[in-house]
Structure formats: C-alpha cells, structure tokens
Amino acid sequence: MTTPRVLIIGASGTVGSKVVKEFDKNGEGIVLRLATSRREIAEKWQTEGREAVVLDLNEPTTFASALAGVDRVFLLTGYTADMLIQSKQLVDAAVDAGISHIVHLGVFTSRRDIIPHFIWHDLIETYIEASKIAWTHLHPNVITDTVFANITETGSFTVNWRDMPQGWVFAADIAAVAATVLREGPEKHGGANYWLSTEVLTGPEVANILTEASGKEIKCITLDPASLEAHVAQISTVPERAYMESAVITMKLAAAGQMTAQTVVRDDVLTVLGRPGTTMTEWARQKLN
C-alpha cells in the first residue's frame, strides 16, 4: 500500500494552519501537501522543504494539478456565498482525481435552520455524500479564535448577540480532530458527523472566566446585531455581503434566544481524541498568563 497523501486547503488560515501544526507534531503514516491561493506562500513553503501547491477556489483550473496523487482532502471555503460554487466544483474535481476521503469543515447545523449560510453548508455536505467519496463532516459551534482575535492587545472581545448564550469551541481542537480523522482515514471515520461544542456561555460569562483564570481583566463588549448590520451594508462585493447578511441573521436569532439547536454541549473532541475539548479556563491559563 502507498502512503496516503493529504491535501490541506486553506493551510495558512485560522483552522488550516493549526491542522498543519498538528501534522507537524505527528505526521506518521501520511504525506502532507499544503494548498494556498497565493503563489508566494506556496513558494515559501516549498523552500522550507514542504510539499505545497497553488489551489485557488475561484479558479477551477488550479484544481486538477493540486489534487493529482492526493488521497484525502481537508475542505473548507471562504466566508462568501461563492462557497456553493467553489465546493461543488472542487468535489467534481475530487471525483475525477480519484480522491478517497473528504473531511469537510461546516457549521453547527440542525439541518432545519433558517440561516442562509447554514443551509449552504447543508447543501454542500449533501453533494459531497452524493459524490460517493467517503466523507466526514465536522460541525464546529462558535469558533472562539475568531471572536478573540485581538484579545491580548485590547484586553477585550466583542459579541454581537447581546448577553445571550452560545456554544464555543477552540480552533486548535477543531484542527486536532481534523488531523486525526485525516490521519486515520475513512475506514475509521467515513460517514461520521462530529459535533464540536465544548461549553455554552454568554459573552459576559466568558469574560468573567478569562479574568479569573488569567488574573487579568478581560472585558466583553456586548453589541446589538444592528451594529454589525450597518457595517455589512457597506460591503461592495455581492458574495461577501450575502454571507455577512446571513451572519447578521445568525446574530439576530442568537440575540432573541432562538438558537436553541446551537446552545448545547456536544463534545466530539472527546469522541475522536479521547480527551474533552479545551475549556475557557484552560485556554486562559495557557494563553493569557
């Protein structure tokens, strides 16, 4: 048997870069290929001795060469309505390339949500399943890293759903699950949906936990969804605006307490890795001290 080659799409992004770090810690039994839309990044990785390719989700002509010789793919797309086109064409190319396993990063969907981008992910996952390629779907709740982006510099973070609860998960845990699934392959994980929601907390509750665990004051700025809506109206590109309009719908539902399917703990980090997901307390002690 040949060693499986794993392609990481979005290898320089918030989650993708952490998947790469997981493989740097344990890449036994696989060959890793990194994909980026930026040629200069691919060339930099190549000079570092990595296997790297240019794959631009908006340019299907880049798919075939990037997928050549690949067995397993980590698929995630950008925050744009074009995710539908991108994913459909990527899956078609994966079929042509003989890919054996797609690990898709989606959202914490109930499959009955009225949020457009949640529905888009549902459709993408249905198309992946129809392709007959073995699949595993990862369903993260609110990715904490995207909310905490500037927390060390500002000592604060912002939520746009007032003081209502949300389910949270850290990108490092998503990445650890993704890397394990990709390493162990479809024989163990094919046909599985993994739900990643470690804690259910309000923004102010998160701030209190981080403050107590770190010994540093961390503030939560709680805003109304209307504050985000005003910003979204100024986005000029249609696909990006459509996605962010969907994000506003999410915030409005959350602020109204109507995200009941998402305000739950479902910790498949434990299922896959044998350890529970990282808590806010643990993260603060590691990162804020």
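**A walk from Gln86 to the sheet**

Let's start with a side-chain pair: Gln86 and Asn58 make a polar contact through their side chains at 3.0 Å (N or O atoms within 3.5 Å, where within protein one must be able to donate a hydrogen and the other to accept it, and residues adjacent in sequence count only if both atoms are side-chain atoms). This is a predicted model, where local features need pLDDT of at least 70 and side-chain atom pairs count only at pLDDT 80 or more, while totals for chains, interfaces and linings use all residues. Numbering runs from 1 along each chain as its sequence is written, and side-chain values use heavy atoms, with hydrogens and water left out.

Gln86 sits in helix H4, residues 83–97 (helices are DSSP runs of H or I with at least four residues, strands runs of E with at least two, numbered from the N terminus). Gln86 is buried at 5% relative accessible area (buried is under 20%, with a 1.4 Å probe and protein chains only). Beyond its neighbours within four places in sequence, Gln86 is in contact with residues including Leu57, Phe63 and Thr80 (heavy atoms within 4.5 Å). Leu57 is 29 residues away along the chain, yet the two C-alpha atoms are separated by 5.5 Å.

Now for the sheet. Eight strands make an open, mixed sheet, ordered S3-S2-S1-S4-S5-S6-S10-S13 (strands pair if DSSP finds at least two bridges between them). Its edges are S3 (51–54) and S13 (266–267), each pairing on one side only. S2, residues 31–36, runs parallel to S3 over four bridges, and Leu34 stands opposite Ala52 in S3.

Key. Buried < 20%, exposed > 50% of the residue type's maximum accessible area, 1.4 Å probe, protein only.
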